[in-house]
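Hi everyone, thanks for making time. I'd like to walk you through a model and talk about what sits inside and what sits outside. Here it is on the screen.

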Amino acid sequence: MTDSPNIGAVILAAGSSSRLGRPKQLLPYKGTTLLQRMIDMVAAFRFTSSLVVLGAHAKQIRDAIDPGESTVVVNDHWADGMASSIRVGVEESLMLNRSLDSILFLLSDQPFVATGLIRELLTRHSRGTHRITACSYQQHIGVPAIISRYYVPELLELNGDVGAKKIMMKHRDDVAEIPFEQGRFDIDTKEDYERLRENTEGNSC
């Protein structure tokens, strides 16, 4: 286990997977599911708090996962877009621990995220030279990302189907970037998932 002092983790998993036709959070991958794999990775670190934010298909997903020490919360307003889940994640994290310094945001549908990447984000963020530490891919920045509580007011003001990237771009001078080209791949369609299966060594999905 790795200590992650005063940092909370939030796994955003509230989407409806409308283009896929079934909850992508529960897609089989490497002997488990996409969401369970992310929960298990978070468990490898001693985060001050860890949350899983569900929304669409909440009961089905909740019944299928083992959250371990993570707290599962449901965003009843998930249909309003990603921003609503971020707000729920931030508010619930601060309810669990008012003294949090930062929050790590993760998505359940980025299959190439690994513990090594999370460790690298934590190590870089611990240097304290930037208030945001984020992944960079295809000349963009995004999640996984660690965002200081300094930006909590702006996180809580997000609306619609926008993520924390809006804040990262606005304050790019305050962002430490970790190259992660595979971060550009997420799963929205059946074709995306089939491509993942085909490219996964050993076809272990």
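Helix H1 is mostly covered, with 8 of its 10 residues buried. Do keep in mind that what you see is a predicted model. Which residues of H1 are the buried ones? They are Leu34, Leu35, Gln36, Arg37, Met38, Ile39, Met41 and Val42, so please note that Gln36 and Arg37 are on that list, as "buried" here means under 20% relative accessible area.

H1 also matters for our next topic, the largest nonpolar core, because H1 is listed there too. That core has 29 residues, and the ones with the most contacts inside it are Ile11, Leu35, Phe47, Leu104, Leu106, Val113 and Ile118. Two or more residues each come from strands S1 (2-13), S4, S6 (102-107) and S7 (132-137), and from helices H1 (34-43), H2 (58-64) and H4 (115-126). H1 gives the most, with 5 residues.

Let's zoom in on one residue of that core. What does leucine 106 touch, leaving aside residues up to four places away in sequence? Its contacts are Val10, Ile11, Leu12, Met38, Val42, Val113, Ile118 and Pro144. There is also a second, separate core of 28 residues, and Leu94, Phe105, Leu155 and Val175 are among them.

Now to strand S4, residues 45-54. Here 8 of the 10 residues are buried, so S4 is largely enclosed by the rest of the structure. S4 pairs with strand S5 (residues 71-74) in the parallel sense, over 4 bridges. If you want a spot to look at, valine 53 has valine 73 in S5 as its bridge partner.

Helix H7, residues 190-199, has two sides to show you. Its buried residues are Asp192, Tyr193 and Leu196. Why do we speak of one side? Those residues cover an arc of only 95° around the axis, which puts them on the same side of H7. Strand S2 (28-29) is included in what covers them. On the face turned away from the buried side, H7 carries the exposed residues Lys190, Glu191 and Glu198.

Last stop, the largest pocket. Its volume is about 1,000 Å³, and it is lined by 36 residues. Nearest its centre lie Met82, Leu107, Asp109, Asp161 and Asp186. S1, helix H3 (82-96), S6 and strand S8 (140-148) each give two or more residues to the lining, and S8 gives the most, with 4.

Note on methods: Residues numbered from 1 in each chain as written. Predicted model: local features only at pLDDT ≥ 70, side-chain atom pairs only at ≥ 80, totals over all residues. Heavy atoms only, no water. Buried < 20%, exposed > 50% of the residue type's maximum accessible area, 1.4 Å probe, protein only. Arc of directions from axis to C-beta. Contact = heavy atoms within 4.5 Å. Pairing = 2+ DSSP bridges. Core = buried A, V, L, I, M, F, W, Y, C linked by side-chain atoms within 4.5 Å. 1 Å grid on protein atoms, 1.4 Å probe; cavity = no way out; pocket = protein on both sides within 12 Å on 5 of 7 lines; lining within 4 Å. Points joined across faces, edges and corners; volume = space filled by probe spheres on them.
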